[in-house]
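Reader: I have a model open and would like to go through it with you. Shall we start with how the chains meet?

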Amino acid sequence: MTDSKKLHYDVVIVGGGPAGIAAACTAAESGCSVGLFELTNNLGGQIWKSAEQNQQPMGGGGWVRRIENSKVKIYTQAAVFAASGMDTILVETPDNVLQVKYSKLILAVGAREIFVPFPGWTLPGVFGIGGMHNLAKLGMDVKNKKVVLAGSGPLLFAAAAHLRLHGAKVKLIAEQADLPNLIKFGIKLPKLAPSKIVQAAIYQSILLGIPYKTHCWPIEANGIDKIESVTLTNGTKTWTEPCNYLASAFGLCSNLELPELLGCEIQQEKVVTDNTGKTSVENIYCAGEPTGISGVDGALVEGLIAGYACTGNHKSAKRYQKKKTKTILFGKALDFHFALRNELKELVRPDTIICRCEDAAYKDIKNNTLWREAKLYSHLGMGPCQGRTCSGAVRYLFGWEKTTNRAPIFPVRVESLAGYSETCCDKASTELY
Amino acid sequence: MNSTYDVIIIGGGIVGCCCAKYIAECGRKTLLLERQMIGGGTTASGMGHIVVLDDSESQFQLCRYSRDLWTEFAETNTEKIEWNRCGTLWVAADQEEMDAVKDRFTYYNSRGVNVEILDQKSITETEPNLKPGFLGGLLVPDDAVLYPPAAAKLFSKLAESYGAEIRQYTEVINTTSDGSVTLKDGSKIHADTIIIAAGYNSSDLITDLPVIKRKGHLVVTNRYPGMINHQIIELGYLKSAHSAAKESVAFNLHPCANGKIIIGSSRQFDNYSKDVNFDILGQMLNRCFEYMPKLKDLQAIRTWAGFRPATPDKTPYIGPCPGEDKIWAATGHEGFGITTSIATGKIISEMLDNIESSIPTAPYLPSRIMAGDAQNG
Amino acid sequence: MADMITIYINGNEHSVREGEILSSVLAKAGITEFHKSPDGSPRGPLCGMGTCFECTVTVNGNQHCRSCQTKCKSGMKVETR
């Protein structure tokens, strides 16, 4: 029988990436008790991971050391799956269920990759871009493996650099955005994110000799039991590149499940916050990608601000406002210059899988008008990923938002659902009945 | 779009869709109005069990007839409705329940329903993941499971193929005895007959036909093919269904054709919010753990709550409403609507044509309630 | 440096470092199909962050374990399907 433990922290932080770590550190400065809950085994989120902790300046080594030396109580392998009343979250760990009471809650739950489906994308050996980066950092051996990266966004460089440094034969980096957009984005960097210029230069030196093509995207992954090659196009020419691995994803979308469950106002896929990070719900703050995709810098500065603001240190929070404005502009530039081209909508064939958990194909889904209709008739989103893998694609291809967000917002052991006396806070009203 | 039909059906759940299919098939100009999406209400909230029950003679007749119709329909639509003829296993926890097993065996057997008594050894063999020690149970091998929203959608498509018009996202504000239906946008449509198949919303449209919400909770797991082989229910289930108590739970497991397991069940009166209540969910799960402790470590993917449409005498309404002339009812199926939807559709279509049905239909007539005499079926 | 331990993958012995991430170990062992999708297609890791459930395998009899979030322990029995 699962033991249910009751905990109480002044400040509870969900998410152990840059935003969560920064928020935890600054909140702890005030002397408040702080508990941080991270879903995976490690702190660092998708940008930093334990393997990178000693690497500066690209790694988050300094920050991770800072939090490990602080009084923040860190929980890993901790999945927040429900909320209870207006002051408690329910968290499942491998041995326990924790009922965690908070005075202030900071949601730093990050983002996930958008997977645009194309024929063969479900073959083993096809990963996300951050996905392959993560897997390599978790120890996947890439030495001498032929790798093609094809997708969108600056993550392509970070992933490619890591892979090359670990012995992969990176054959091609393909960016769907066109060169004029990339140049315009590059021109904005000195003003919006000067540190990224240094980063870009470092990547350039690591990636010397690797073909980088813009206005280029994958149209099919080929292979029987695993990927053998990928077919790409630049709109006029089409060719096939043999590979052992393909890393492919097209930008990021915010993890909105927990903010939505708690009733936070969300507009245009972003959690609405004031300039201190406060959401529309009393005592709940949000920092990092869920307020708008703006990368590590945005996550750090918003985490700092939220951590200070929620513990009453508005003076310190104010000091970072200017930086925050810059990161918001950086996010807008990212959004604009890496916008997905329409050709990507046409990659799907009738039998291309959209929902991987349930093997719901494009033809099974397309004749609906809403997410919930598609879910009901094709089981879209009814698998263990709860729509996390396919919702970005569905939004992109059909314009439907994933509705039906309800506890548990992460799969849990059945016994973790037993044993609470309070009604859990959820938005059953987002259902149509 | 027309303004006059032979029949207007209000409610696009599985019952309404079955009605539409049979009625349109007989050549009537049929319109079905659904205020959200086909099969998206109670139909989507239930398990999908096709079961022959014996709480009353009228319930038994309707369920058995329905199960036969489903079995025939499923022969050519197995995958479309995710049909699996897994049978039902009623589990006896003590001697009293084992005695009840024997009574039920006699009841089913004498009425020609395949049924088998299992002893302690055979129940363990047929369901090895049940906690050891149960005295035995009753196996009804011809019961089945299906996926209700797909079945409702399929019936609505069949209705369309027979010329029915299906309008989703169309809300009805009221109906009048002269056969007119007023929509939310103010427009009026007319029919010779209006069939209310609106589940727990039916009382809004026929105020002296009581249908109340009886809330239930379910949990669905990831895929565990072979974990259970039948729909498994505790014998106490019928006590829970029959109970007038505000809250009750009963062990009930449903093996989806895709290997997922739906865990239930709970019943609550007077709770009209669709929020999941974790207190009763916990009671339900703890009850289930008593029968199958292995459930604890399965991966739960979703929970939800829904409302069964319940009637005072636990029998559905099928047929004309007395004194209303053009208003009929096909509603109030409580927790057995998925099973009995198909027979409801066939029976109501036969009633419209004054054809005798294969089972006695008097017990389901709304007149039993509306005339003031609540008769038991 | 972590100790070397023995785990079992589909019945075969493998010597790995204690705490090594299972998805990496499986890849090194040449396994590309971690499990089958509902219609029987081979599937393997995708997101590397514990949310896609495509890297799942059976560990010590427990199905649907995310191998990218699982650390190898001595005697661990892993089945891919």
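**Interfaces, cores and odd backbone**

Author: Chain A and chain B bury about 3,400 Å² between them, and carbon and sulfur atoms give 56% of that area. Buried area is the accessible area (1.4 Å probe) that two parts lose on being put together, summed over both. This is a predicted model, in which local features need pLDDT of at least 70 and side-chain atom pairs count only at pLDDT 80 or more, while totals for chains, interfaces and linings use all residues. Residues are numbered from 1 along each chain as its sequence is written, chains are lettered from A and ligands numbered from 1 in the order in which they are written, and side-chain values use heavy atoms, with hydrogens and water left out.

Reader: How many residues does each of chain A and chain B put into the contact?

Author: Chain A contributes 36 residues and chain B contributes 44 residues, where contact means heavy atoms within 4.5 Å.

Reader: And how many salt bridges between chain A and chain B?

Author: There are 2 salt bridges, a salt bridge being a side-chain nitrogen of Lys or Arg within 4 Å of a carboxyl oxygen of Asp or Glu. B:Lys260 forms one with A:Glu358, with the closest N and O atoms 2.8 Å apart. The count of residue pairs in polar contact is 15, both at pLDDT 80 or more. A polar contact is a pair of N or O atoms within 3.5 Å; within protein, one must be able to donate a hydrogen and the other to accept it, and residues adjacent in sequence count only if both atoms are side-chain atoms.

Reader: Which elements give two or more residues to the side of chain A that touches chain B?

Author: Helix H12 (371-378) and strand E22 (412-413) of chain A do. H12(A) gives the most, with 5 residues. Helices (H or I, at least four residues) and strands (E, at least two) are DSSP runs, numbered from the N terminus.

Reader: What about the area buried between chain B and chain C?

Author: That is about 430 Å², with 48% from carbon and sulfur atoms. B:Arg223, B:Tyr224 and B:Gln299 supply 77% of the area that chain B buries against chain C, more than any other three residues. The contact takes 4 residues from chain B and 4 residues from chain C. The count of salt bridges between chain B and chain C is 0, but 3 residue pairs are in polar contact across the interface, both at pLDDT 80 or more.

Reader: Now C:Ser37. Buried or exposed?

Author: C:Ser37 is buried, with a relative accessible area of 5%. Buried means under 20% relative accessible area, exposed over 50%, and partly exposed in between (1.4 Å probe, protein chains only). C:Ser37 sits in the loop between strand E3 (35-36) and strand E4 (42-43) of chain C.

Reader: What does C:Ser37 touch?

Author: Not counting residues up to four places away in sequence, C:Ser37 touches A:Asp359 and C:Arg43. The side chains of C:Ser37 and A:Asp359 are joined by a polar contact of 2.6 Å.

Reader: Switching to the largest nonpolar core. Which residues touch the most other members?

Author: Of its 93 residues, A:Met132, A:Leu149, A:Leu163, A:Leu246 and C:Ile7 do. Helix H4 (residues 155-165) of chain A gives the most to this core, with 6 residues. A nonpolar core is a set of buried Ala, Val, Leu, Ile, Met, Phe, Trp, Tyr and Cys residues joined through side-chain atoms within 4.5 Å. A second, separate core of 63 residues includes A:Leu7, A:Tyr9, A:Val14 and A:Ile284.

Reader: Where are the cis peptide bonds?

Author: One joins A:Ala407 and A:Pro408, with omega about 0°, and A:Pro408 is in the loop between helix H13 (391-398) and E22 of chain A. The bond from B:Gly264 to B:Ser265 is also cis, with omega near 5°, and B:Ser265 belongs to strand E15 (residues 260-268) of chain B.

Reader: Why note these, or a positive phi?

Author: Because most residues other than glycine have a negative phi, and most peptide bonds are trans. B:Glu334 has a positive phi of about 45° although it is not a glycine, and B:Glu334 is buried, with a relative accessible area of 9%. C:Asn60 has a positive phi of about 50° and counts as partly exposed at 48% relative accessibility.
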